[in-house]
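The following exercises are to be worked through with the sequence and the structure at hand. Each task is followed by a solution in steps.

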Amino acid sequence: MTRYSGASFAACAVLGSLVLLGVLGAGGVEISPDADLCGQMNGLPPGGELVLAPGDYTGPCTIRNGGVPGAPIVIRGRDLAQRPRIVYGGRRSNVIDVPAGHVTIRGLAFGPSEREVDGIRIYGREGITVEDCEFSGLGGIAVVANHFSIRGLVVRRNTVRDSDATAMYFGCHDGSSCTATDFVIEENHIETVRAPDPEIGYGIQVKLNSRGIVRGNVVVDTKGPAIMFYGATDLGGRPSLVEGNVVVGSQRSSGIVLGGGPILVRNNIALGNTMAGIGIEDYGRRGLLRGVVVAHNTVYRNGVAGIMVPPTGLVDVTLVNNPAQGKPGAPALPEPQAGLRLLGNVDCSGLACFVDGENRDFSPMPGGPLSTSAAVPVGPWVPTQDFFGAPRGTPPTVGAVEHVQGPVRLAPRP
């Protein structure tokens, strides 16, 4: 955007005592850390933009005035290499509360914060985007929407480190007070989540009857599950999608936990979790384990099992083309049972399946069992690309990686 100068800048200097750095085109304003941050946020017109220069800004703020469909207000940092930080050391509020709709928050830094003080708590019902932000040392949740039903939430390319609470939380626990639908949670990096007992400490938690896409995230060293979906009471509509994530090192749970469907889980890599790489649970004995498809995931050296299912309660669960290697004595794959369909999975416990699994290279061993064992039934679960975005062959390779690609990075994809 073009910055105005001369008379426009002089007027801003008089009105804002030099805290306004400039007026931008299309209703935008750039400010410095001494500005009235909350006032500037709430003074934006639909489609307006507030640009924050590097530095520390005083919070908390409540964004009451949002945009309109097609014209959100945008609050962003000027420079992703020097994200402006919103500083709040109190306990009476969250750092930013968002009761408005059609708001984009981009490229800001949050934290540390006191116990139970969230970074961004969303009350708005549509048009909310949180992207390219950094959350470190929070005592509460980084991004949470669990007050009112919300549609179309986007949370992407954010970093959450050293959190004392679940990193991201969407929907209401009872599945009726509120839901999050048609959301996209993608390419976030979450590392080290701790929560005091009896709290669980999830990476990404999606509650009952909430549906959407969780894709391309890296979640490392959580206390509870890295990713958990609770499922839905209604089988109608589009299934949730969990795709292309890396989940590593849950201290007390499984990497990906599924409490129900409909859901498609594919092209994920789960390693070194205390329980299972992928754990399927009849949570609360709700009987929601139907429409669950787990396909082309790579599961490596998890503690209790590779892919784990309950002894009863399965209605319609399909595991297809997943290679799993467990720790010594840990079963890689479940035994057949009613309600469970097993196709093309490979127990790699005694086989040379991967080029170098210990160094996170899950490329299929050339000429190994992953290249010759795939089941190829036709269905919407069939991935056209692998974890790295490479085209799938016909038949595809078993697992998340189609051919030799090199090690998986425990960092956001560039």
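**Exercise 1. Strand pairing**

Which residue in β27 stands opposite Met228, and how do the strands β24 and β27 pair?

Solution. The model is a predicted one. Step one: Met228 has Val257 of β27 opposite. Step two: β24 covers residues 227–229 and β27 covers residues 256–258. These two strands pair in the parallel sense, over three bridges. Step three places the pair in its sheet. Ten strands make up an open sheet with parallel pairing, in the order β5-β8-β11-β14-β18-β21-β24-β27-β30-β33. At its edges stand β5 (61–62) and β33 (305–308), each with a single partner strand, so one side of each has no neighbour in the sheet.

**Exercise 2. The largest cavity**

Which residues line the largest cavity, and how are they divided by class?

Solution. Step one: one cavity of 30 Å³ or more is found in the structure, and the largest cavity holds about 40 Å³ of space. Step two: its lining consists of Ser210, Arg211, Phe229, Gly231, Ala232, Ser240, Gly260, Gly261, Pro262 and Ile263. Step three: by class, this lining comprises four nonpolar, five polar and one charged residues. Step four: the lining residue Phe229 also belongs to a cluster in which ring pairs link Phe170, Phe183 and Phe229.

**Exercise 3. An aromatic pair**

What is the geometry of the pair formed by Tyr300 and Phe362, and are these residues buried or exposed?

Solution. Step one: the structure contains eight aromatic pairs. In the pair of Tyr300 and Phe362, the ring centres are 5.3 Å apart and the planes enclose 65°. Step two: an angle over 60 degrees counts as edge-to-face, and the pair is accordingly edge-to-face. Step three: Tyr300 belongs to strand β32 (residues 298–300) and Phe362 to strand β39 (residues 361–364), so the contact ties together parts that are 62 residues apart in sequence. Step four: Tyr300 and Phe362 are both buried.

**Exercise 4. Salt bridges between strands**

Which parts of the chain do the salt bridges of Arg106, Arg215 and Glu243 link?

Solution. Step one: 20 salt bridges are found in the whole structure. The side chains of Arg106 and Glu131 form one of them, at 2.6 Å from N to O. Arg106 lies in strand β9 (residues 103–106) and Glu131 in strand β12 (residues 128–131), so parts 25 residues apart in sequence are tied together. Arg106, at 27% relative accessibility, is partly exposed, whereas Glu131, at 5%, is buried.

Step two: Arg215 forms a salt bridge with Glu186, with the closest N and O atoms 2.8 Å apart. Arg215 is in strand β22 (residues 211–215) and Glu186 in strand β19 (residues 180–186), 29 residues apart. The relative accessible area is 31% for Arg215, which is partly exposed, and 12% for Glu186, which is buried.

Step three: Glu243 and Arg266 form a salt bridge whose closest N and O atoms are 2.7 Å apart. Glu243 is located in strand β25 (residues 240–243) and Arg266 in strand β28 (residues 263–266), so parts 23 residues apart in sequence are joined. Both Glu243 and Arg266 are buried.

Step four: shared partners join Arg106, Glu131, Asp132, Arg156, Arg157, Glu186 and Arg215 into one network of salt bridges.

Note on methods: Residues are numbered from 1 along each chain as its sequence is written. This is a predicted model: local features need pLDDT of at least 70, side-chain atom pairs count only at pLDDT 80 or more; totals for chains, interfaces and linings use all residues. Side-chain values use heavy atoms; hydrogens and water are left out. Rings of Phe, Tyr and Trp (its six-membered ring) pair if their centres lie within 6.5 Å; planes under 30 degrees apart count as stacked, over 60 as edge-to-face and the rest as tilted. Helices (H or I, at least four residues) and strands (E, at least two) are DSSP runs, numbered from the N terminus. Buried means under 20% relative accessible area, exposed over 50%, partly exposed in between (1.4 Å probe, protein chains only). Two strands pair if DSSP finds at least two bridges between them. On a 1 Å grid over the protein atoms alone, a cavity is a set of points where a 1.4 Å probe fits but cannot get out, and a pocket is an open set with protein on both sides within 12 Å along at least five of seven lines; lining residues have an atom within 4 Å of a point. Grid points are joined across faces, edges and corners, and a volume is the space filled by probe spheres set on the points. Ala, Val, Leu, Ile, Met, Phe, Trp, Tyr, Cys and Pro count as nonpolar, Asp, Glu, Lys and Arg as charged, and the others, Gly among them, as polar. A salt bridge is a side-chain nitrogen of Lys or Arg within 4 Å of a carboxyl oxygen of Asp or Glu.
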